[in-house]
Protein chains: 2
Amino acid sequence: MTLSRHSDALRAAQMYYLQDLTMDAIARELRTSRSTVSRLLSAARDTGLVQIQIRNPLDTGPELESMIRREYNVDVHVVPVLESLNEAETLDRVAMQAARTIGPLVDSNAIIGIAWGSTLSAVSRHLTRKITHDTVVVQLNGAGNMHTTGITYASDIMRRFGSAYGARVEQFPVPAFFDHAATKTAMWNERSVQRILNLQARMSIAVFGVGSVDADYPSHVYAGGYLDESDLKVLAHSDVVGDVATVFFRRDGSSDGIVLNERSTGPALSQLRQVRRRICVVSGASKINGLRGALSAGLATDLILDEATARRLVGFGGAARPNG
Amino acid sequence: MTLSRHSDALRAAQMYYLQDLTMDAIARELRTSRSTVSRLLSAARDTGLVQIQIRNPLDTGPELESMIRREYNVDVHVVPVLESLNEAETLDRVAMQAARTIGPLVDSNAIIGIAWGSTLSAVSRHLTRKITHDTVVVQLNGAGNMHTTGITYASDIMRRFGSAYGARVEQFPVPAFFDHAATKTAMWNERSVQRILNLQARMSIAVFGVGSVDADYPSHVYAGGYLDESDLKVLAHSDVVGDVATVFFRRDGSSDGIVLNERSTGPALSQLRQVRRRICVVSGASKINGLRGALSAGLATDLILDEATARRLVGFGGAARPNG
DNA sequence: AAGCACTATGCACAAACGTGCAGAATGGAG
DNA sequence: CTCCATTCTGCACGTTTGTGCATAGTGCTT
């Protein structure tokens, strides 16, 4: 029966992590085999029963982190990754650490806003379970485009977040961009849409990546058929450097007068800034310009990024890691 | 140099605990030996860089815990210990788990009130370091008696708490009990004493054990020469079941009219109840009566105790552990 | 500059741990 | 009750990790 198993896992976790007993000793106490204890513990970790947190004292942390922290006023987590790793492997490592960093921040009664994109997809694959109550996961921006409804892609991400935290999932079934601003206005008055907007307005946590117009591998948004020729041309002329949840901004963080935003379904930057905890995950140094804009706009309270990007962010190119 | 070592420890901890790499892989990345990584990680754990927490979802927890939780309205942590262990070993295990449970609760700017006694002594020996700022550890009650100033004993406990959290330590250099209530009144007006009282009034965390008059091995208070014959006789006649920080109470939690309290240096129960987080650590089923009184008095918000005592607390004697 | 006390490192070995696999236990469905 | 599908268990093996010891490094004193 699964209930006694859960209870055994709890006992085992306490004895292993809090009392420093060996699995062997625990096995004897629980009258089972050592392998079972090993599996109980691994289950305890997977289900979020055991929470492992790394807290680096802000002031003794590495040079790099404190520079970013000071300059942009965000809580920064630099993910150490071997330089030789390729883009995909780096993303995987960053996503894993991001997932585990987010975990402890999620609490019962939270309303978690989630964007979509390759970064969030990767993060969603690494979430560890954590049992919470009355938590809601709400989609930040629509995912439909001219070719697909985008539903499966975005909803996979949402679903994974939902099941990791035992949360209700609220999708946002609209396209990423409307063709006409008027449609958006109309839709925004629909009660079904307003329910989502209302949830967004009450978010306690938001998680998003950034898009950068000049990234080596452009984000979904710039490549995936969400925007047409003329849209891209307009973007280029308005000095846009990137986006968060399909809302665009310039290098200095401003977004006024960017017409495309009037057709976008993402939350206005001013609204995003209201959210208590805003977690930005970035992997890949080529997103640097988008990231700079997002930070200038004050969109993030927490920034999780790989080491190479962190170094580019503060200026020194690709030198060896500064060690103290 | 210790600074680069700290930074390496942080990197290693992130890679090991957050990215699931093996120590071998980390060693290669850090250009050092695997053994060094093993030691870095162990240092990271010892210095509180890595925080491991066990959170059992309140509603799926073992029967025993939820019964206590409901009945006494405290956050309870039952420490699983083998029944065959003797008193001392049990205390050690409970103390270890208590120390690690307290760790995550301590934060910068906290004012931590600490009682003294064999339980707290044991706990103090198992604390894991955690770097905080402007934290203060303050002694809850005096420790002097007719034979000794009690300074070394109590101050060892205090010192260990202080160094674990990098906190300032504020001793309370008075006897446990004054001979005359008038002396207490006088002393309480001294500015040196008021500084301590003032700190106590602003405590955010208090940690204490309980004394029980009928315990198998009576607490220091009842055995250590703190009270004389007539004191003990008076206690017996006022239905006192136990004490917290040398303040006495009856089984129903009341303490009015217990004259000895007028000479005691511990915080009034009403004052203790003001503290946000009040952690009571108990090991040994013979303290059950003192514990019942303390809980009735609402002295604890968190209770950490061994399994046998927990079972006695809810009534069923020493049966096999209930397993869901 | 030399000496000294202390700490950090790598090696090698032993202890502890994770996991594929085959068999046992469990829980429905007929 | 019997069958089947699924889950759980212990074993055995290979991998990963902790640690005593000898050596190398570091910083402080004279």
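**View 1. Helix 3 of chain B beside DNA strand D.** In this predicted model, helix 3 of chain B gives the most to the surface near DNA strand D, namely five residues. Helix 3 of chain A and helix 3 of chain B each supply at least two residues of that surface. DNA strand D is surrounded by 15 residues. Among the closest are Thr32(A), Arg39(A) and Arg34(B). By class, the surface near DNA strand D holds two nonpolar, seven polar and six charged residues.

**View 2. Polar contacts to the phosphates of DNA strand D.** Of the atoms of DNA strand D that come within 4 Å of the protein, 49% belong to sugar and phosphate. Tyr16(B) places a polar side-chain atom 3.0 Å from a phosphate oxygen of DNA strand D. Met23(B) uses its backbone: a polar atom there is 2.8 Å from a phosphate oxygen of the strand. Ser38(B) uses its side chain, with an N or O atom 2.8 Å from a phosphate oxygen of DNA strand D.

**View 3. Ser38(B) in its helix.** Ser38(B) sits in helix 3 of chain B. Its relative accessibility is 28%, so Ser38(B) counts as partly exposed. Look also for Ala12(B), which is 26 residues from Ser38(B) in sequence. In space, the two C-alpha atoms are 9.1 Å apart.

**View 4. The protein surface around DNA strand C.** Here too, 15 residues surround the strand. The closest include Tyr16(A), Met23(A) and Arg34(A). Sugar and phosphate make up 49% of the atoms of DNA strand C that come within 4 Å of the protein. Helix 3 (34-46) of chain A and helix 3 (34-46) of chain B each supply at least two residues. The largest share, five residues, comes from helix 3 of chain A. Two nonpolar, seven polar and six charged residues form this surface.

**View 5. Side chains at the phosphates of DNA strand C.** Both protein chains appear in this view. From chain A, Ser38(A) has a polar side-chain atom 2.8 Å from a phosphate oxygen of DNA strand C. From chain B, Thr32(B) brings a side-chain N or O atom to 2.8 Å from a phosphate oxygen. For Thr36(B), the distance from a polar side-chain atom to a phosphate oxygen of the strand is 3.1 Å.

**View 6. The second largest pocket.** This pocket holds about 970 Å³ of space. Its lining has 32 residues, and those nearest the centre include Tyr17(A), Ile52(A), Tyr17(B) and Ile52(B). Elements giving two or more residues to the lining include strand 1 (50-54) of chain A and helix 5 (87-102) of chain B. The lining divides into 16 nonpolar, eight polar and eight charged residues.

Conventions. Residues are numbered from 1 along each chain as its sequence is written. Chains are lettered from A and ligands numbered from 1 in the order in which they are written. This is a predicted model: local features need pLDDT of at least 70, side-chain atom pairs count only at pLDDT 80 or more; totals for chains, interfaces and linings use all residues. Side-chain values use heavy atoms; hydrogens and water are left out. A residue is near a molecule or strand if one of its heavy atoms lies within 4 Å of it. A polar contact is a pair of N or O atoms within 3.5 Å; within protein, one must be able to donate a hydrogen and the other to accept it, and residues adjacent in sequence count only if both atoms are side-chain atoms. Helices (H or I, at least four residues) and strands (E, at least two) are DSSP runs, numbered from the N terminus. Ala, Val, Leu, Ile, Met, Phe, Trp, Tyr, Cys and Pro count as nonpolar, Asp, Glu, Lys and Arg as charged, and the others, Gly among them, as polar. On a 1 Å grid over the protein atoms alone, a cavity is a set of points where a 1.4 Å probe fits but cannot get out, and a pocket is an open set with protein on both sides within 12 Å along at least five of seven lines; lining residues have an atom within 4 Å of a point. Grid points are joined across faces, edges and corners, and a volume is the space filled by probe spheres set on the points. Buried means under 20% relative accessible area, exposed over 50%, partly exposed in between (1.4 Å probe, protein chains only).
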